[in-house]
Amino acid sequence: MDFTLSEEQLMIQKAARDFAQNELLPGVIERDDAQKFPAEQVKKMSELGFMGMMVDPKYGGSGLDTISYALVMEELSKVDASASVIVSVNNSLVCWGLETFGSEAQKEKYLTRLSTGQCIGAFCLSEPEAGSDATSQKTTAADHGDHYIVNGTKNWITNGNSAEIYLVIAQTDISKGHKGINALIVEKGMPGFEIGPKENKLGIRGSDTHSLIFNDVKVPKENRIGEDGFGFKFAMKTLAGGRIGIAAQALGIAAGAYELAKKYSKERKAFGTEISNHQAIAFKLADMHTQIEAARHMVYKAAWDKDQGNNYDLSSAMAKLYASQVAMDTTIEAVQIHGGNGFVKDYHVERMMRDAKITQIYEGTSEIQKIVISRSILRE
Ligand code: CAA
């Protein structure tokens, strides 16, 4: 067993750390306050190759492994989880899904633009009545020979307005259940495709989350990903990798809050000494550090499984379940260690606590991860 990161992985980790400190940290509080999408920062991340990290260079990607992707997600999330979710969705839900299951023509037309950050993508599965219960798709894609006609509504779509390319999951043949579902590439501007209102969120307020409305949207058949009826499996396989990205995001939020709390505890004095000298605080830091390290091992292991070609459904679900809990617990304690200052926006940890919550919800709630985990272990 070798826990050492390669030279290349260390380099990319440092690049992401520097970028987060120099480019994401300034203005992160204001963007959160104003719900401002980090457009300039996304442009710079594209230049660094962060928008198509695992994509083959022949399609404009950086050709990196999943561990490098997790390292970048962790570093960005230490500072700005709104920016990192944009990266995560584009990389693991959109680019990976297209590269792995798309046709050559789809890759040429869409993947290069997405992996170089010329545009960003969105993954559209959730609906008003189909969040966790993802097979109950009400959005329809009626087969009309050489095209589909799409009707319905999608909810809580990350990059909802900022995206230009949307991977939309829709039901073509209800009699076939999940085997009648398709994944279609929909472009912004297709007639009948409207962006709904922006959500006013608790956390990750810099990312834009919208509902999407489809009214008789004509989508050519060449925009279907995979065989007829492959859409649900496409969503499940893609989400298994996406969960590594979100687990790494949760890990980063936890690690960022822990680093701030540790630093603060060595500066802030109470009862005549730095508060880190009080065991009540020191033990909190010990627990945080231990849990973060455990989460880190689980996230890297899931990424490693993916890189090795192992099945990663179980390891990614466990990594997300655990890391998101650690993100929640750690950020709450980070606020506590900061005391009154923890409740004030300038100290960052209250934002991290708000941001942490979504990691237990999107790309499969913690309860859904337990379904995936329990089914997997009971199958053995
Ligand atoms: N890989 C391949 N196939 C898979 C699979 C996987 N990981 N998981 C399930 N499947 C297949 C099953 O084998 C089955 O196929 P067969 O009938 O051919 O065997 C089919 O999919 C249906 O599976 P289930 O019977 O297990 O379906 P279910 O209704 O019980 O649901 C579930 C399973 C795990 C609960 C699933 O619905 C699920 O993951 N729900 C959560 C969805 C989710 O993560 N939503 C997040 C929205 S996206 C988002 O948040 C993006 C963002 O913007 C940040």
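Which helix gives the most to the lining of the largest pocket? That is α7, with seven residues. The legends below describe a predicted model.

**View 1. The shell around the ligand.** The ligand is surrounded by 24 residues. Ser132, Thr158, His178, Arg243 and Arg375 are the closest of them. By class, this shell holds 10 nonpolar, seven polar and seven charged residues. Three elements give two or more residues each: α5 (81-101), α7 (231-267) and α11 (366-379). Among these elements, α7 gives the most, with six residues.

**View 2. Polar side chains at the ligand.** Two lysines and one aspartate are shown with the ligand atoms they face. An N or O atom in the side chain of Lys233 is 2.9 Å from a ligand oxygen. In the side chain of Lys179, an N or O atom is 3.4 Å from an oxygen atom of the ligand. For Asp313, the ligand atom is a nitrogen, and the distance to a side-chain N or O atom is 3.2 Å. The ligand taken alone exposes 1100 Å², and the protein buries 75% of that area.

**View 3. The largest pocket, where the ligand sits.** The ligand takes up space in the largest pocket. The volume of this pocket is about 1500 Å³. Its lining counts 49 residues. Closest to the pocket centre are Met236, Leu239, Arg243, Glu363 and Gly364. Arg243 is also listed with the residues closest to the ligand.

**View 4. Elements that build the largest pocket.** Six elements each supply at least two lining residues: α5, β3 (147-158), α7, α9 (313-338), α10 (349-358) and α11. The contribution of α7 is the highest, at seven residues. The lining divides into 23 nonpolar, 14 polar and 12 charged residues. Helices α5, α7 and α11 also give two or more residues each to the shell around the ligand.

**View 5. The second largest pocket.** This pocket has a volume of about 420 Å³. Its lining is made of 13 residues. Asp2, Phe3, Ile67, Tyr300 and Trp304 lie nearest the centre. Helix α8 (residues 279-308) gives the most to the lining, with six residues. The classes are six nonpolar, three polar and four charged residues.

**View 6. The largest cavity.** The structure holds two cavities of 30 Å³ or more. The largest has a volume of about 60 Å³. Val28, Arg31, Asp32, Lys36, Pro38 and Asp80 are among the residues that line this cavity. The lining also includes Ala81, Ser82, Arg205, Gly206, Arg351 and Asp355. Helices α2 (28-34), α5 and α10 each supply at least two of the lining residues. The largest share, three residues, comes from α2. Seven of the lining residues are charged, three are nonpolar and two are polar.

**View 7. The second largest cavity.** About 40 Å³ of space lies in this cavity. Its lining includes Met54, Thr66, Tyr69, Ser92 and Trp96. Thr238, Gly241, Gly242, Ile244 and Lys306 line this cavity too. At least two lining residues come from each of α4 (66-79), α5 and α7. Here α7 gives the most, with four residues. By class there are four nonpolar, five polar and one charged.

**View 8. Helix α7 across three sites.** This view follows one helix, α7 (231-267). Around the ligand, α7 gives six residues to the shell. In the largest pocket, α7 gives seven residues to the lining. In the second largest cavity, α7 gives four. At each of these sites, α7 gives the most.

How values were computed
Residues are numbered from 1 along each chain as its sequence is written. This is a predicted model: local features need pLDDT of at least 70, side-chain atom pairs count only at pLDDT 80 or more; totals for chains, interfaces and linings use all residues. Side-chain values use heavy atoms; hydrogens and water are left out. A residue is near a molecule or strand if one of its heavy atoms lies within 4 Å of it. A polar contact is a pair of N or O atoms within 3.5 Å; within protein, one must be able to donate a hydrogen and the other to accept it, and residues adjacent in sequence count only if both atoms are side-chain atoms. Accessible areas come from the Shrake-Rupley method with a 1.4 Å probe; for residues, only the protein chains shown count as cover. On a 1 Å grid over the protein atoms alone, a cavity is a set of points where a 1.4 Å probe fits but cannot get out, and a pocket is an open set with protein on both sides within 12 Å along at least five of seven lines; lining residues have an atom within 4 Å of a point. A molecule sits in a cavity or pocket if more than half of its atoms lie within 2 Å of its grid points. Ala, Val, Leu, Ile, Met, Phe, Trp, Tyr, Cys and Pro count as nonpolar, Asp, Glu, Lys and Arg as charged, and the others, Gly among them, as polar. Grid points are joined across faces, edges and corners, and a volume is the space filled by probe spheres set on the points.
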